[in-house]
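Visitor: Could you walk me through how to read a model like this one? I would like the general idea each time, then the case at hand.

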Amino acid sequence: MTHKRNTLRGLAAASLALAFGFAAQHAAAADPIKIGLILPMTGQSASTGRQIDAAVKLYLAQNGASVAGRPDTTRRLAQELVVNDKVVALAGFGLTPLALATAPIATQSKTPMVVMAAATSAITEASPFIVRTSFTLPQAAVSIAEWAAKNKIKKVVTLVTDYGPGIDAEKYFSERFALNSGVVVEKLRTPLRSPDFAPVLQKVRDANPEALFVFLPSGQGAAFMKQFAERGLDKSGIRLIATGDVTDDDQLADMGEVAMGVVTSHHYSANHKSAVNQKFVDAFKKANNGMRPNFMAVGGYDGMRVIVDGLKTTKGAGGEALLNAMKGQVFESPRGPVLIDAQTRDIVQDIYIRRVEKVDGQLYNVEFDVQKAVKDPGKAK
Ligand code: PHB
């Protein structure tokens, strides 16, 4: 397996050349099937790129394929991957704006586009060729809102990053919380780029809610937790609840005492108890110097599975045939049972309520409750 990575403005694109048994049916064996993978590799979302890249490589190493690379930025990259590299699928998409920018290319070229990370509900509606293997913020936010209301929390302040997934998290948390007689007394937002948590944390202190609900994209959780502790909020009696993006497995081990007891909702924990997950975590760590997989890694791993299984069905053909072969796939992911809903092309999955605890001396999100087979609440409008 060869993998050449080039970065320009923080994005990397690789065209993965897959050599499978069915390649001969598709074209000459020397004419490999290609998938275009576009990921953020620097800056705030670097961990997303690193995790997905590692997971994609792990899946390919376990299932036999070779990889080659080429550079550029998202939309143009996607265009080049489709036109020049003739990729059968586009994949990756670490942030919502990058997925939305690429959607028209998927539609125009009839290329299936597998969103492995971005999680704004509306993304799958931006192109009929989009399939998602990550999650949606409404899935996570609704579950933690219900948990909070059931656990005698009545007054909450919300704090989210001011773009697609944050706006979804704020809306779906607030609506479900209100439905269960809760009150959101203040809605705070921080910018996606270089957020400063000090001023919003002061506002939280002044509002003095029973709990603070937070969504921040993967990669920002550690900086937030540090500020939360430095300002003494962890000792203020204000409970911290969040989507699992904040207690991300990529950063959780280094967050320290402040994270202990934080309750979150999400689709994946590296601590998920199943044979499939144990095998995945062990293989991932072994292939990556002990790095713990996070929810981005699982989105990448499952995304590759959906593409490769689809290609097995189509015998290597892309386009609408591949799209149709991805729709309706059911399998056991490291996260638990999943379905790619044939109507919405979005993932249906279990959402867990977890508490940060020490397991063998290391911090983990320990699952203690579950909502089974959650469809994206954002689609039910
Ligand atoms: C997104 O941009 O859609 C996104 C990024 C990181 C997350 C969740 C959503 O953790």
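**Reading the model together**

Guide: Let us start with exposure: at 39% relative accessibility, Lys 315 counts as partly exposed, because that class lies between the cut-offs of 20% for buried and 50% for exposed. Please keep in mind throughout that this is a predicted model.

Visitor: Where is Lys 315 found?

Guide: Lys 315 belongs to the loop between α10 (295-314) and α11 (319-326). Its backbone deserves a look too, since phi of Lys 315 is near 55°, a positive value in a residue other than glycine.

Visitor: Which other residue has a positive phi although it is not a glycine?

Guide: Take Phe 93, with a positive phi of about 75°. Phe 93 is found in the loop between β5 (89-92) and α4 (96-109).

Visitor: Is Phe 93 buried or exposed?

Guide: Phe 93 has a relative accessible area of 1%, and buried means under 20%, so Phe 93 is buried. Lys 315, by contrast, is partly exposed.

Visitor: Let us turn to the ligand. Which residues come nearest to the ligand?

Guide: For a ligand, begin with the list of neighbours and then look at individual atoms. There are 14 residues around the ligand, and those that come nearest are Thr 96, Ala 119, Tyr 163, Ser 218 and Asp 245. By residue class, the shell around the ligand holds nine nonpolar residues, four polar ones and one charged.

Visitor: Which polar atoms lie close to oxygen atoms of the ligand?

Guide: Here are three cases, one from a side chain and two from the backbone. A polar side-chain atom of Thr 96 lies 2.5 Å from a ligand oxygen. For Ala 119, a polar backbone atom is 2.8 Å from an oxygen atom of the ligand. For Ser 218, a polar backbone atom is 2.9 Å from an oxygen atom of the ligand. As for cover, the protein hides 99% of the 280 Å² of accessible area that the ligand has on its own.

Visitor: What is the space taken by the ligand?

Guide: That space is the largest cavity.

Visitor: Thr 96 came up twice. Where does Thr 96 lie?

Guide: Thr 96 lies in helix α4. With a relative accessible area of 5%, Thr 96 is buried. Besides the ligand oxygen, look at Thr 120: the side chains of Thr 96 and Thr 120 make a polar contact at 2.6 Å.

Visitor: How should I read pairs that are separated along the chain?

Guide: Set the separation in sequence beside the C-alpha distance, then add the element and the exposure. Leu 81, for example, is found in helix α3 (residues 74-83) and is buried, with a relative accessible area of 1%. Leu 81 and Lys 34 are 47 residues apart along the chain, with their C-alpha atoms separated by 8.8 Å.

Visitor: How many residues apart in sequence are Leu 233 and Arg 205?

Guide: Leu 233 and Arg 205 are 28 residues apart in sequence, and 7.2 Å apart in space, C-alpha to C-alpha. Leu 233 is in the loop between α8 (221-230) and β11 (239-243), and at 1% relative accessibility Leu 233 counts as buried.

Visitor: Which pairs involve a partly exposed residue?

Guide: One is Glu 175, partly exposed with a relative accessible area of 43%, in helix α6 (residues 164-179). Glu 175 and Val 142 are 33 residues apart in sequence and 8.4 Å apart in space, C-alpha to C-alpha. Another is Arg 189, partly exposed with a relative accessible area of 37%, in strand β9 (residues 183-190). The C-alpha atoms of Arg 189 and Ile 167 are separated by 8.8 Å, with the two residues 22 apart along the chain.

Notes. Residues numbered from 1 in each chain as written. Predicted model: local features only at pLDDT ≥ 70, side-chain atom pairs only at ≥ 80, totals over all residues. Heavy atoms only, no water. Near = heavy atom within 4 Å. Polar contact = N/O pair within 3.5 Å; in protein donor to acceptor, adjacent residues only side chain to side chain. Areas by Shrake-Rupley, 256 points an atom, 1.4 Å probe, with all protein chains shown as cover. 1 Å grid on protein atoms, 1.4 Å probe; cavity = no way out; pocket = protein on both sides within 12 Å on 5 of 7 lines; lining within 4 Å. Sits in = over half its atoms within 2 Å of the grid points. Nonpolar A, V, L, I, M, F, W, Y, C, P; charged D, E, K, R; others polar. Helix = DSSP H or I, 4+ residues; strand = E, 2+ residues; numbered from the N terminus. Buried < 20%, exposed > 50% of the residue type's maximum accessible area, 1.4 Å probe, protein only.
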